[in-house]
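Q: Please take a close look at a single part of this model and describe its setting in detail.

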Amino acid sequence: MLKNNLKESNLDKNKDNSNSILFIVESPTKSKTILSILKSFNYKANVVATFGHIKDLPVNNLGVKIEENFKPIFLFLPYKKKIIQNILGKIKEGIKVILATDPDREGEAIAFHVYNEIKKYIKSKNIKNIQIKRAFINEITYNGIKRGLENLGDINLSMVISQFARRVSDRLIGYKISPVLWGTFRLKGLSAGRVQTATLKLIVDKEKEIINFKPRKYYIFKVVVEIENKKIEFDLVNSKKELIRVFEDEKEKLSLIKNELNKIISKEIEFDISIESKEIKPLPPLKTSTLQQEAAKLGFSASKTMLIAQKLFEGIKIKDKHIGLITYHRTDSIRVSKEGMELAKKILGDIKIHRFSDKSMFDAHEAIRITYDIDLNLLRNYLSPDEFKIYLLIYNRFLAAFDYEAKYYYQMIRSKDLFNLGNSKVNLFYEVGRIYFEGFLRFLPNYIKNFSIFGKDYINLKEGKYYFKVIDFKVINKEENYPSRYTVSSIIKKMEETGIGRPSTYASTINTLLKRNYIQIKKNIIYPTELGIKVCDFLINKYGNLLDVDFTSLLESKLDNIEKADQDIASKFYIQLLEDIYQKLSKNSKT
């Protein structure tokens, strides 16, 4: 598909005869950081930015030649011709051009388009002795740039084809379905998309689950036991340690339990205390989805989180230097490089390597981590409060991942069997934990709030059998909880679990749903609007085979397969994927 656009040429084989370098990036913000580093390598360097994509599909037509194997027609975006002309004006004989756009699909596509413009220019001007190479830079630091320059390569065409497939599939679906929405709802500005509609369906389905939920009332029991002059509330549980629950209509069962509990009031009964040393394993370092989830708990939208992370990645001026503070923030991986491990060891003195399980599809970029050992009090002076909060999230999760396990004593107190309830024995149960080695919790002290066993009274008794007096019992009224609506954090987690979208699309998907007035976010909780519910129902009813969660997840995996395949296979996968979408669209348009 792209073979003729990027074939190996003599330009790429010529020996570099000078130290002149044209370094092309996406964002101008990182230019100063990179320029200062390149100068330290004694390069005569120019760093220029593309300001994102230079080309895209046209606005006013489909821009896809369906009869030519879905060939996309890319046109210059507004004002981008001037940017390219500026880049071309800096190309002189003997210069080395480094395409250092972001190391992801979007960055690869940008590099591809820039490469072709440069190639046409040097051919038309008959400029000789030019090298054009791709640099993959995961962190904007001295070592990160050095590593990128030492491992120059070529553009990954399979990655480019995957990006084209994503863009064309979104265009086919949006271009064909959105006008149907406008006609049906008589509202311009509505849109449909395989990721946004599948995400909207998750939110709408949750709302319907809440609306249809009929909570039942029930009772649980707390039994008060005196131990070491403390009044400890025990749970009434079955043999599986599950709370005994009695629903309102189970009157005989309720009466039986009350009678049995009344029998042990003021009596001493036998308990067994067991104590075990246990560990809590550290959490892995952050990747894009978990960064967005953790930041959402602090009140940050996904888009704001990514904007701040972008700034931290590109570089902050500290004293007289621009410094990239974190590694690349769009990643599916929790792997940490050897250099990252060495940094952790420098800060912690001693580290432990943990094995973390993760379902990440790709391992192209390491986890999001800090890049330097910078004093936090110093850094606070150069970052805004919000920037510092995001940096601190990354800092703490990175160092926690290389710290030791937290250790605690787990104490379980259980009575002997009191009575039978159906086929299960009933007894009293109490469990508590006490931390005796902090380990990674020094970086993540709030993590133990996720464990209900902490924060209770620890009983200072050794293991063994004891007799304790039962003082009283309580019958507590409860009602089944309504299903929880998604928060920004939990919808991102759900999108990741179901395979909808990829790290770079989570924030933009949520923003699109907000912009279209399909959802509202109040105090971090997501509510579908009436319009959102109606649009979702219409789209899933008419185009469910294209827009539901399962197809969207399958399509994402196919895009991943394109990226991992060699170029010829990737081109075949590209055609197959788009043919499948087009046929589904054609079939649905007839119904």
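A: The account below begins with one helix and then turns to two single residues.

The model is predicted, so local features need pLDDT of at least 70, side-chain atom pairs count only at pLDDT 80 or more, and totals for chains, interfaces and linings use all residues. Residues are numbered from 1 along each chain as its sequence is written, and side-chain values use heavy atoms, with hydrogens and water left out.

Helix H9 spans residues 302–314, 13 residues in total; helices (H or I, at least four residues) and strands (E, at least two) are DSSP runs, numbered from the N terminus. From first to last C-alpha, H9 reaches 18 Å, close to the 18 Å expected at 1.5 Å a residue, where the expected span is 1.5 Å times one less than the number of residues. Among its buried residues are Ala302, Met306, Ile308, Leu312 and Phe313 (buried means under 20% relative accessible area, exposed over 50%, partly exposed in between, with a 1.4 Å probe and protein chains only). The buried residues of H9 pack against several elements, including helix H1 (31–40), strand S13 (316–318) and helix H12 (385–400). Just after H9, Gly315 takes a positive phi of about 130°.

Ser31 lies in helix H1 and is buried, with a relative accessible area of 12%. Beyond residues up to four places away in sequence, Ser31 touches Val25, Val47 and Ala49 (contact means heavy atoms within 4.5 Å).

Lys456 sits in the loop between strand S17 (424–437) and strand S18 (464–479). Lys456 is partly exposed, at a relative accessible area of 36%.
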